[in-house]
Amino acid sequence: MYVNRRAPYGTIYALEGLEVALVGAAFDQDVSMAFIGDGVFQLKNGQDTSDSDMKNFSPAYHALGDFDITHLYVEKESLGERGLSLGDLMALTWEDESEDWTEKSSIHVVSRLELTEILENQDVILNF
C-alpha cells in the first residue's frame, strides 16, 4: 500500500509516490494506494500548474488502471475537511476483464476507521 499524505505540488513526494507505485505494478506487485490529508488533492480534477514551474503530472493517474492499480482508497474525512467530495475528483476507472470489460471506478471513498482496518491488513506500507 502506497499512502499519499501530501499535496501534489510544492514537494517531490506526490510525483515520487506515483512513480514508485507504477514501477511496483510493472513488476507484478499487488499495488493499492491511499490518499489521506492533503494527499486527496492529488486526485482533484482540473489541476492547473500553468502559473508555476511544476509540470502537471495529474494525467498520469489515468494510467493506473492499465497497470492493474484498481484500489485507490480516499479518506472521506480528509475530503470533507478540505471542502471536497467524490465529484471533485478525477474519474479514474479500470476495465474488468471478468465482466466483459465493464468499466469500474478505481476510487473508493472510505471512512477513517475503514481505512485503518485496510491499512492493518497490508503486508507493506510506503508513505509519501
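Two residues are in contact when heavy atoms lie within 4.5 Å. Keep that in mind for this tour of a predicted model.

**Stop 1: Leu 86**

Select Leu 86, in the loop between helix H2 (76-81) and strand S4 (93-96). Which residues does Leu 86 contact, leaving aside its neighbours within four places in sequence? Show Leu 79, Ile 107 and Val 109: these are its partners. Next, add His 108, which is 22 residues from Leu 86 along the chain. A distance drawn between the C-alpha atoms of Leu 86 and His 108 should read 9.1 Å.

**Stop 2: Ser 32 and Asp 28**

Move to the loop between H1 and S2 and select Ser 32. Is Ser 32 buried or exposed? Its relative accessibility is 9%, and buried means under 20%, so Ser 32 counts as buried. To see what surrounds Ser 32, display Met 1, Tyr 2, His 71, Tyr 73 and Gln 122. Ser 32 touches each of these residues, when those up to four places away in sequence are not counted.

Now select Asp 28, which is also found in the loop between helix H1 (13-26) and strand S2 (33-35). Asp 28 has a relative accessibility of 73%, and the cut-off for exposed is over 50%, so Asp 28 counts as exposed.

**Stop 3: a negative patch**

Keep Asp 28 selected and add Asp 66, Asp 68, Glu 95 and Glu 103. Together with Asp 28, these residues form a negative patch on the surface.

**Stop 4: Tyr 13**

Go to helix H1 and pick Tyr 13. The relative accessible area of Tyr 13 is 36%, so this residue is partly exposed. What does Tyr 13 contact, leaving aside neighbours within four places in sequence? The partners to display are Arg 6 and Phe 128. Then select Leu 113, 100 residues from Tyr 13 along the chain. The C-alpha atoms of Tyr 13 and Leu 113 are 25 Å apart.

**Stop 5: a nonpolar patch**

Finish with Leu 126, in strand S7 (residues 126-127). Leu 126 has a relative accessible area of 36%, which means that it is partly exposed. Add Val 20 and Val 124 to the selection. With Leu 126, they make a nonpolar surface patch of about 220 Å². Colour this patch one way and the negative patch that includes Asp 28 another, and turn the model to find each of them.

Technical notes. Residues numbered from 1 in each chain as written. Predicted model: local features only at pLDDT ≥ 70, side-chain atom pairs only at ≥ 80, totals over all residues. Heavy atoms only, no water. Patch = residues over 30% accessible without salt bridge, like charges linked within 9 Å, V, L, I, M, F, W, Y side chains within 5 Å. Areas by Shrake-Rupley, 256 points an atom, 1.4 Å probe, with all protein chains shown as cover. Salt bridge = Lys/Arg side-chain N within 4 Å of Asp/Glu carboxyl O. Lys, Arg positive; Asp, Glu negative; His and termini not counted. Charge placed at Lys NZ, Arg CZ, Asp CG, Glu CD. Helix = DSSP H or I, 4+ residues; strand = E, 2+ residues; numbered from the N terminus. Buried < 20%, exposed > 50% of the residue type's maximum accessible area, 1.4 Å probe, protein only.
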